[in-house]
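Open the model in your viewer and keep the selection panel at hand. We will go from one residue to the next stop in short steps.

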Amino acid sequence: MRHILSVLVENKPGVLARIAGLFSARGYNITSLAVSETLDPTISYTTMVVETGDEKILEQIKKQLNKLIDVITITDFTKKEHVDRELILIKIDYSLKDKVKLESVLSKYAAKLTQHKEDTAIIEMAGEQEEIKNLLEDLKQFGIKELVRTGRVAVSY
């Protein structure tokens, strides 16, 4: 099962490494990671997605995280009502003859043409993973040159 965890931490060097170390020491991969300052520059908001089938081990990891001096709070969004999004930038092959076709694809999603030059366009979208997956599938016809994604971010209702 995928778990979306947010960890509010003091914004200090080495905190992220200690958090990641807890997961890697137990053999769990963080499949998505996003970190940024909050309104208070001394505090950072870390959102990570971890896949684990064993709830007991996840609970143990959360207990270990709570023991870290720089951790303020931990929220597991898995069983809470929440909104989560991911940002993606996609570089595709582009020509003016494809403009109408591309605009038709983008209008199906909350995606937009951010920039374009001679033979390349950059598409931007923030959305749920399923929407992003569908957009990528639709953009394959244009030839995807490069893909960059952020980690997921989440907030509860």
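Select Thr 120 and show what surrounds this residue in the predicted model. Beyond its neighbours within four places in sequence, Thr 120 is in contact with Lys 91, Ile 92, Tyr 94, Gln 115 and Lys 145. Add those five side chains to the view.

Now colour by secondary structure. Thr 120 lies in strand E7, which covers residues 120-127.

Is Thr 120 buried or exposed? Its relative accessibility is 17%. Thr 120 counts as buried because that value falls under the 20% cut-off.

Next, draw a distance between two C-alpha atoms, those of Thr 120 and Lys 91. The label should read 6.7 Å. Along the chain these two residues are 29 residues apart.

Stay on Thr 120 and look at its polar side-chain partners. Which side chains does Thr 120 reach by polar contact? One is Asp 119, at 3.2 Å. Another is Lys 145, at 2.8 Å. Lys 145 also appears in the contact list of Thr 120 given above.

Move to Asp 138. This residue sits in helix H4, residues 129-139. Leaving out neighbours within four places in sequence, the residues in contact with Asp 138 are Val 105, Lys 108 and Tyr 109. Zoom in on Lys 108: its side chain makes a polar contact of 2.9 Å with the side chain of Asp 138.

Zoom out and colour by domain. Select 2-76 for domain 1 and 82-156 for domain 2. Taken over C-alpha atoms, the centres of the two domains are 29 Å apart.

Where do the two domains touch, and how many residues take part? On the domain 1 side 8 residues are in contact, and on the domain 2 side 7. The area buried between the domains is about 560 Å². Carbon and sulfur atoms give 56% of that area.

Select Ile 4, Ser 32 and Thr 47 in domain 1. These residues lose the most area to domain 2. Together they account for 54% of what the domain 1 side buries.

Then check the polar links across this interface. There are 2 residue pairs in polar contact, both at pLDDT 80 or more. The count of salt bridges is 0.

Last, show the strands on the domain 1 side. Strand E1 (2-10), strand E2 (30-37) and strand E3 (43-51) each give two or more residues to the side that touches domain 2. By class, that side has 5 nonpolar, 2 polar and 1 charged residues.

Technical notes: Residues numbered from 1 in each chain as written. Predicted model: local features only at pLDDT ≥ 70, side-chain atom pairs only at ≥ 80, totals over all residues. Heavy atoms only, no water. Helix = DSSP H or I, 4+ residues; strand = E, 2+ residues; numbered from the N terminus. Buried < 20%, exposed > 50% of the residue type's maximum accessible area, 1.4 Å probe, protein only. Contact = heavy atoms within 4.5 Å. Polar contact = N/O pair within 3.5 Å; in protein donor to acceptor, adjacent residues only side chain to side chain. Domains from an automatic or database assignment. Buried area = accessible area lost by both parts, 1.4 Å probe. Salt bridge = Lys/Arg side-chain N within 4 Å of Asp/Glu carboxyl O. Nonpolar A, V, L, I, M, F, W, Y, C, P; charged D, E, K, R; others polar.
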